[in-house]
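Grab a coffee and work through these exercises with the structure open beside you. Try each task before reading its solution.

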Amino acid sequence: KRRADRQRATLQNGLRLAVVAPLTGLSTRRSAGAHLAAVAERTQTTGGRFAVMVIDLDRFKTVNDRWGHGAGDAVLVDVARRLHANLRPGDLLARIGGEEFLVALPDVHRPEEAQAIAERLRQAIEEKPVPLPAGGTLGVTVSIGLAFSGKGDPRRLEPVAQVINRADSALLMAKSGGRNQVTIGQSAAA
């Protein structure tokens with residue numbers, strides 16, 4: 001019985017780690033993909049739109065290189081907390097890479113609404129330095145790529161990957177355009 005209990009606990013822990021990033025407590029890329037697919041299907045049914053943001057910490061490598069990985073972890077945890085605190089109930093926040101986050105905004109009625117949320121997130125990160133474990137603080141900024149799903153066409157479900165790719169392309173434009181900004185990806189369906 002004890003061995004079966006340990007195996008069950010190990011399996012449950014493994015499943016939890018597959019859907020939750022241990023450091024930040026956020027969804028992982030895998031679980032975010034399933035959630036975003038469900039958002040897309042629901043949006044298709046209602047004929048609405050959803051928005052996707054890809055958020056990347058600006059110059060994060062220098063944080064780890066200059067202040068150490070403990071400082072980098074503190075930055076990631078603090079940024080995740082700030083992002084979460086500035087989203088609506090029902091919005092998805094996931095850590096999808098080292099210093100990269102994904103946000104899905106279901107039921108976006110106007111692009112301006114999603115753009116305002118993206119700008120609020122950007123400002124929430126920039127406005128207050130992050131406390132470091134060894135003392136002191138560090139100013140951090142993020143770049144955000146934003147993209148929208150096409151208006152729901154009952155004959156065609158736009159692939160979620162396509163919306164994410166547009167958000168990722170917009171992120172690259174934000175990075176090359178000077179960082180610490182929100183850039184909107186162009187949509188063929190817009």
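**Exercise 1: The sheet and its helix**

In this predicted model, strand β1 (residues 51–57) pairs with strand β6 (residues 142–148) in the antiparallel sense, over seven bridges. Task: find the residue that stands opposite Asp56 in β6, then work outwards to the whole sheet.

Solution.
- Step 1. Look across from Asp56 and you land on Ser143 in β6.
- Step 2. Now widen the view: the open sheet has five strands, ordered β2-β3-β1-β6-β7, and its pairing is mixed.
- Step 3. Check the two ends of that order. β2 and β7 (182–184) each have a single partner strand, so one side of each has no neighbour in the sheet.
- Step 4. Follow the twist, which averages 20 degrees from one strand to the next.
- Step 5. Add helix α5 (residues 111–126), which packs on the sheet and touches β1, β3, β6 and β7. The directions of α5 and β6 make an angle of about 165 degrees.

**Exercise 2: An edge strand and its hairpin**

Task: work out which residues of β2 point one way and which the other, and how β2 is joined to β3.

Solution.
- Step 1. Start with a rule of thumb: in a regular strand, side chains alternate between the two faces of the sheet.
- Step 2. Apply it to β2 (residues 92–95): Leu92 and Ala94 point one way, while Leu93 and Arg95 point the other.
- Step 3. Ask whether these residues are buried or exposed. They are all buried, Arg95 included, and the cut-off for that label is under 20% relative accessible area.
- Step 4. Move to the partner, β3 (residues 100–105): the two strands run antiparallel and are joined by four bridges. Arg95 has Phe101 of β3 opposite it.
- Step 5. Trace the connection: β2 and β3 make a hairpin, with four residues between them.

**Exercise 3: The largest pocket**

Task: say which elements supply at least two residues each to the lining of the largest pocket, and sort the lining by class.

Solution.
- Step 1. Get the volume: about 190 Å³ for the largest pocket.
- Step 2. Collect the lining: Arg29, Ala32, Gly33, Leu36, Val54, Ile96, Glu100, Leu102, Ile164, Asn165 and Asp168.
- Step 3. Assign residues to elements. α2 (29–46), β3 and α6 (160–176) each supply at least two, and α2 gives the largest share, with four residues.
- Step 4. Sort by class: six of the lining residues are nonpolar, two polar and three charged.

**Exercise 4: Three loop residues**

Task: place Asp107, Asn180 and Gly90 in their loops, and see what else you can say about them.

Solution.
- Step 1. Asp107 sits in the loop between β3 and α5. Its phi is near 55 degrees, which is positive although the residue is not glycine.
- Step 2. Is Asp107 buried, partly exposed or exposed? Its relative accessibility is 39%, so Asp107 counts as partly exposed.
- Step 3. Asn180 lies in the loop between α6 and β7. Here too phi is positive, about 55 degrees, in a residue that is not a glycine.
- Step 4. Gly90 belongs to the loop between α4 (69–85) and β2. At 53% relative accessibility, Gly90 counts as exposed.
- Step 5. Finish with the surroundings of Gly90. Leaving out residues up to four places away in sequence, Gly90 touches His35 and Pro106. Its C-alpha atom is 9.1 Å from that of Ala104, and the two residues are 14 apart along the chain.

Technical notes: Residues numbered from 1 in each chain as written. Predicted model: local features only at pLDDT ≥ 70, side-chain atom pairs only at ≥ 80, totals over all residues. Heavy atoms only, no water. Buried < 20%, exposed > 50% of the residue type's maximum accessible area, 1.4 Å probe, protein only. Pairing = 2+ DSSP bridges. 1 Å grid on protein atoms, 1.4 Å probe; cavity = no way out; pocket = protein on both sides within 12 Å on 5 of 7 lines; lining within 4 Å. Points joined across faces, edges and corners; volume = space filled by probe spheres on them. Nonpolar A, V, L, I, M, F, W, Y, C, P; charged D, E, K, R; others polar. Axes fitted to C-alpha atoms, helices over the stretch in contact; angles between N-to-C directions. Contact = heavy atoms within 4.5 Å.
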